[in-house]
Structures are given as structure tokens and as C-alpha cells.
Amino acid sequence: MLRNSGKNHNFGTPKHTTKTMEAKHYTGLSNAEVRQNREKWGANMLTPPARTPLWKLFLEKFRDPIIRILLVAATLSLVISIIHNEYAETIGIFAAIFLATGIGFWFETDANRKFELLNQVNDDTPYKVIRDGHIREVEKKDIVVGDIVILETGEEVPADGDLREAISLQVNESTLTGEPVTDKTTHPTDSEATYPSHQILRGTTIVNGHCIYQVSAVGDQTEFGKVAEKATEITKDKTPLSRQLEKLARMISIAGFIVAGTTFIGLLCKDIFSGIFTSDNLFTLDTAGRILQYFMVAVTLIVVSVPEGLPMSVTLSLALSMRKMLKTNNLVRRMHACETMGATTVICTDKTGTLTQNRMQVYETDFPALSDQQLGQDETSLLIQEGISVNSTAYLDFTTSGEVKPLGNPTEAALLLWLNNQGTNYMDFREKSRIVEQLTFSTERKYMATWVHSVTGQEILYLKGAPEMVFGKCSRILTAEGLEPAGDYRRNIEDRLLQYQNQAMRTLGLAYKPVNGGEDGDIEKNIGDDFIFLGIVAISDPIRPDVPAAVAQCLHAGIDVKIVTGDTPATAKEIGRQIGIWQDSDSDEQVITGVDFEKLPDDEALKRVVKLKILCRARPTDKQRLVELLKRTGAVVAVTGDGTNDAPALNYADVGLSMGTGTSVAKEASDITLLDDSFHSIATAVMWGRSLYHNIQRFILFQLTINLSALLIVLLGSLFGHELPLTVTQMLWVNMIIDTFAAAALASLPPDLQVMNEPPRKASDFIISKSMRTRIIGIGLSLTLILLGLMFYFTGKSGLISRYHLSVFFTTFVLLQFWNMFNAKAFMTKGSAFKGLSKCTGFLIVMAIIPVGQFLIVQFGGEVFRTVPLSGTDWAWIAGLTSVVLWTGEAIRLLRNK
């Protein structure tokens, strides 16, 4: 019976029905009905996700809170520049803004170009349909509701529909449920199935048998389309890093305006109390000029307080991580996903293809007559080889060098792979044996049988299927001692089956019997209870070799790993046990089916998800709900998935990780694509994310230390009548060191494996930690005292600083930052600044450029930089004395480590 869903579909009618599919005749739709149904229900095409224009993508970069502060600072700086006719500082700030936004925009668009190539969709595939009583081919996009479609093994289902005829039909529903093989019939059989067994759905693939079905939904109305639409919904969640930067921006804004306001009021009060401002001169031009000067000082303090290099540092860190993560098989589409992986506290992973190899393989064989379970040249081996080879509908593809690709039913292909690994070419037996008749597998029979003229010269009937069904048709069993009564081995066989089933494995029983050529040729009449049992084969989708270690690494790093699968509870638990997340002490409270999970009210489910380890028989909405509930608990959630069923959860997660071999919908919804489909790459991404966050913290430590120092110098200098004795060109060089070079040096630091020994940071933790705050204040005050001391020491009675002393001050200022950058590098490493220095190529290059550049500027800068050459002795003294900053840091680190 075709499900109507309340719609009046025009399906066409079958004229008559016989027992075989080939004899049944359908008229299908007429051309007029095709047009009518296309107008009513639409074309069989998914609405592509809206692409954001490039200009809008670029403007999105200006939503960064630090960039917004910089724009305010740049505007204020422009006002000062117009008044003083010096635009260098303003140009520097605008350059920092456009460099940061431009780099981020370029790297993301480049990643998206790679993604588009990876994710191309084809709607032009031809399919056989019946229209006007004739079979014809139409393109996938031209299929309409009501069409009658004929599908063969290997074809992808083009639209949702209800089966009219199904012969030995098995469908790979992994794109929608995560499970590779599902039996399908014309009548519902499995009440626990995720989708009814008489329906086949768009995006799934026929792995065995063939069918005729009638289309009931096309395009966006299919299950595939509904999930795809859910996957493109816009979520308003901010990344952990953006939340942290917003807090930092607020703090800097508030601090800058408070200091500026306090300074402005303080300078006015000083003039009032000193008698400069009186009632007589309060409204004169001199007073107005003086107030404007104080306002300029206040604005300067605001500009100085803004860390203009921070956006560039964050962008460079993210961009470099994007490039380097690509080398570790992580294609990052959205830049902030690099860092968010480091904040992840929960990973919800699907089973098939991520934890497992998505390739059924023979785990173990139990052929009583086969010595060491190795095939040889004996008669038993010949029976096993021929039985597996001819009694099968699967194939192996050898066209790819170094790789054997299974085609057809994965379970049958696993047997062929086992033969191939034992040095047997299954095609030799298919070519030399002649098939008399074949009875294909069906869910009702639970076995497959093939009658052949064997290479042995006999006629043999081979049987393969569910072990309990096959064994039940056997009167004898083939052992090393010869043929023995099957009943004597029943208990042993049942124990072995129970053992395999407890390990969540699929099992097949193999049997055979010689038949006489004179017997009735009807294969079904020859299936009695006199077969000879050959043995059992246990088949599993094995765990990826690197998964247990990667999961252990994540657990050690304080990240919860939860399995979300469409498989049974028993299989999911066994997989959980193999990868190390399910323990014998775990209770039923830590596993739940999708149906039961849906029944839980939100408040109860909210408590349950924290302890939950396995969600099985899960549907797309179950996985999405799990993600949303986990996020409500404060967790930062990463989700892996390769199927269309995973797309909504990938979209709603803080980080969505799709598989390179996954569906286009899953990849579209994700932030990162794992090109090697490996869970190990997830652990690598976490390590990169945490290391990246530390690099950003190091830059913040470095820059805010300098900003605090500069702020205090401008503040105290204005109060005492001294300005920072650096020229505009010198300040440009200093800003280049502080912003561009420091950002590049600290952003290029390689990832540190030790970060996986730390717990995930709390989402509520401020990006400036307590230890950072201590260092910023301590080092900032120290640098302020040193530089103020030099200013007062070098200032003569005339209040001016000689060019020689200006060169010394300028060089001292730069080298203090140079040595302090080593301290920033060593922050959070619990070791020396020189540890692992040889691996930090980018850092070393930048650290070579700074002193060389400073030397060239001072020695040859002349009038442009207002410098005079310094002697070798001067350079030695300045380098030696300023390096105290580094050695003091080294001494503190040494004492702390002890």
C-alpha cells in the first residue's frame, strides 16, 4: 500500500500483476501528468544553500570587537592627524585593520574554493522510469512525484517513494541513518527501523537486489531535502574566542576611556589649582587651545591603549593554523573553528566510517575441517573457495592501484576479501563453475543458495545465510575427522554464535550438498534438511587502528566522547568498549535509544545528557537535540558525521566535522572536513586549537605589556610635561615590531603536545588569566620605570634630548620589546624560552629581522629616523643591559619549575 501522506498524487496504475517483477506491467505517468505533477510538487532538485556575496563576507570581518575599537581609535587618530598634519599613526592603524581583515578574508575564501571542488553535486545522472507504458531514461532532476522508477544494484535512490516490487532488496542507508545495510520489502516488517522498511529514500544506495518503486516526494520534500534544509539554518551562536575578545574589547574600552577622562580632568584641575585658569582668561583663545591640547592628550591615551596588533595576531594565528591543519587532513572552512576545537569539551561522534573503517571484514572463521583456518589445495578448501565465490552477488574492484574496493553487499564482499587475502581469485571459480540456478537472499528465507556444475566435476548446491537457519538444514558437519552428525556439534555452534553476537559481529553459516543431475531442477524443492555444514564466518566493521589511542588522548585531555549511531544498543556498546569509552561498570542510564530519548522532557533530558555515553537507533532530530541540550549545560560541542542525517547536528554544533567521503549536505553544514575520515585527525585538531589559543594569549601578554607601558609614559609624561621622545618614523618601526613582527613570530609557534595534558578551559574563563595579569602589570611597570628614568636622565636643562641619546633611547625601547618577546614565547610552556627554539623557524626569522632592522635604521637612518650611528661598545652595553628582561624571566621560570 503506497503511503499517501495526505497528498493526492497521480501515480498511474498497473494493468495486471503476476508473481515475477519482470512480468508486471505499469503504465506510469503520461507526459501531461508529468507536467502537472512537476508544477504541483516541484522538480527533483534541492534548493542550494544561499551563498554570501564576497563583499558581505569581507564586511563580516569588521564585526570583530577589537576591529571595531580600532576603527574608533583610527577615527580619533585621524582628528589629531588633521590638526597636527602628521598622518603616520593613522595610516598605521588603518593598515593594521585592513591587513587583519584582508588576511582573514583571503584565507577563508581560499578554503571555500577548495571545499567547492570537494563538494560538487551532480543532478544529471540518468534513471530508468516507466512513462506512457514504456521504459525510458530521464535525468535525476526531471523525476517527478508519481513516477515509477526501476533501480538495480549499485544505483543511488533519486527520490523518496514506496516499493511496488522488491527482489532480495538491501539498501545502504548510511547517509540517513549511519547504517550500511538495511533490508527492504514491499510490506513493513521491522517496527524498530528508523525508516519504514517498505520505503526507500533519496540519497541511499541499492547494495543488493533490484526494485520498482513509486515516487512520493521529490527535492526539498524528501527526507534528504528536509535534513539538508535543517542543516542550512543560521545559528546565532558566537564562538568561545569571539566571546572572549568581546570581553577584552569592553575591558580595554572602559580602561582607555577612564584613564583618558581622568587625565583630562586631572590636567584641567592642575591648571585651575595652579592659577593658570582664572575667571579673567577662562574664555580666551589661549585657554581654548590649552583645553584642546589636553583633549588631544586624552584622545592619544585612548589610541595608545588599543592593541592594534591583536586582530592581526588572531587572524595570522587562525590563518596559519588553517594552512598547517590542512597538512594533517583537516580542511578548515571557517577560520574560528581552528580555535573552537581547542575549547571543545564534548565530542559527539558517529560510528560507521569515523570510529570504524566502514568496510566489513572477516574477523574470524570457524571451519572445523580446515587446519589453522588457512586455505590449501585439499577438497575442503576447494568447497569453501567455490562456495564463497559462486554463491554471492558481490564483486571486488581492482582498478585502483594498491587498493581493493568492495562492490555490492558489504557482508558478501567481506568473504571475497578474505579469499583474496588468502591468495584466491574468486573470478577463477565463477568462470570455471557453471551456475545452474540461483536463489537470491531474502529477509523471509534468511539464506541464499546456488546450484552449480562444480570445478570438481560434480553438481553441488551451496547454501549461505543466518547460521541458525543454515545449521537447521544440515544433517551432518564436515570436520577434520570426516563427516559427523550435526546434532553432536549443536551446543558448540550455539556457544560460538553467542560469543560472536556478544561482540556485535555479523555471522554467516556455510553449507553444501552434492545433487544429481537427474533431480528436479527446481532449486527450492532441493532445499531440504540434508546439507553438510562447513562452518561459521564472523564479520565485523573493524575499529580504525588509530581510534582507541586518539579517543584515549581526548579523554585524557578532559574531553567527553559520546557515540551517536543508528545501530543497535548491543553493537554500539561493543564499539564503545573497543575504543575505551564504555566500561563494564557503566549502567543503562548511560545508553539510550532515539525513541526513548525523544520521550524524555527537556529538564530530565538535560540531566541525562551529561552522563550519557551512547545514543543508539538515533535519527537526525535526536542528534540535533542532543547537541542543543549539551550546549545548554555550558559544553562546547564538536560533532562528527558523514551522512545527510548528521547535517543538522553538524550545523548546530560549535564545531561541525564532516568526513571527506561524506555527503555534500554533511560537508556543507560543517566547519571542518576531515579528508582522511579519521578520529585521529580530530585529536590533532584539538591540539592545534589549544596551541593556537595559547599563542593568542602570548601575543596579548606581549602587546598589553607594551601598551600599559606606553600608556603610563604618555600619562605621566603629560602630567610632568614630557612627551615620549620618539619621532613619527621611529614609532612606525616600533609599531611594526609590536604589531606585524610580533604577531607573525608568536602566531607561527608550532603546536605543543603538552596541551593535551591540560583540561579544557572553562567557557567563562577570561582570556587574560591571573598569571597573565600579574606579568602584564609587573613587566609593564618595570619597563615604564626604565624608560621614564632614561627620559629624565637624557633630558638636558633645555628640556631637549640630543640625537645621540635619542638613538640610545630608541634602541633601548626596541630591544626591551625584543627580549620580552622571548618571555612571551615561554609563557605557559613550563620551560625555558630556548626550549624547542630550533623547531620555531618562523619565530627565529622574525627575531633575526628585528635586531638587524634596528641596526640598519640606527646606523644608516640619518635624517629620516633622526638617529646617529652608535659604537660597538654602545650596542654591546644596550643589548647586555636590556637582556636582563629575558634573564630575569628565565630565573623566575627556573625557580618555579623547582
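Start with how the chain folds back on itself: of the contacts (heavy atoms within 4.5 Å) in the protein with a separation of 6 or more, 72% are between residues 24 or more positions apart. Keep in mind that this is a predicted model, where local features need pLDDT of at least 70, side-chain atom pairs count only at pLDDT 80 or more, and totals for chains, interfaces and linings use all residues. Residues are numbered from 1 along each chain as its sequence is written, and side-chain values use heavy atoms, with hydrogens and water left out.

Now for the overall make-up. There are 29 helices and 27 strands in the protein, taken as DSSP runs (H or I, at least four residues, for helices; E, at least two, for strands) and numbered from the N terminus. The protein has 898 residues, and 54% of them count as buried; that label means under 20% relative accessible area, with exposed meaning over 50% and partly exposed in between (1.4 Å probe, protein chains only). The accessible surface comes to about 39,400 Å², and carbon and sulfur atoms own 57% of that. Those areas come from the Shrake-Rupley method with a 1.4 Å probe; for residues, only the protein chains shown count as cover.

Let's go inside. In soluble globular proteins, nonpolar side chains tend to be buried together. A nonpolar core here is a set of buried Ala, Val, Leu, Ile, Met, Phe, Trp, Tyr and Cys residues joined through side-chain atoms within 4.5 Å. The largest one has 109 residues, and Phe-679 and Phe-843 have the most contacts inside it. Helix α22 (residues 679–720) supplies the largest share of this core, 17 residues. Look around Phe-679 and, leaving aside residues up to four places away in sequence, you'll find that it touches Ile-347, Thr-349, Thr-354, Leu-355, Val-547, Ala-550, Val-551, Cys-554 and Val-561. Apart from that core lies another, of 32 residues, including Met-360, Val-362, Ile-384 and Tyr-462.

Next, the charged pairs. Count a salt bridge whenever a side-chain nitrogen of Lys or Arg sits within 4 Å of a carboxyl oxygen of Asp or Glu, and you get 20 of them. One joins Asp-567 to Lys-351, with the closest N and O atoms 3.3 Å apart. These two come from distant parts of the chain, 216 residues apart: Asp-567 is in the loop between β22 (560–564) and α16 (569–579), while Lys-351 is in the loop between β11 (346–349) and β12 (361–366). Both Asp-567 and Lys-351 are buried.

Strand β12 itself brings in Glu-364, which is paired with Arg-496 of helix α14 (residues 490–502), 132 residues apart. Their salt bridge is 2.8 Å, N to O, and Glu-364 is partly exposed, at 28% relative accessibility.

Another salt bridge, at 3.0 Å from N to O, links Asp-530 and Lys-513. Here Asp-530 lies in the loop between β20 (506–515) and β21 (531–540), and Lys-513 in strand β20, 17 residues apart. The two ends differ in cover: Asp-530 is partly exposed with a relative accessible area of 38%, whereas Lys-513 is buried at 7% relative accessibility. As for shared partners, salt bridges join Glu-364, Asp-366 and Arg-496 into one network.

Finally, drop in on Thr-424, in the loop between α11 (410–421) and α12 (426–432). Thr-424 counts as buried because its relative accessibility is 7%. Not counting residues up to four places away in sequence, Thr-424 touches Leu-375, Gln-385, Leu-419 and Phe-429.
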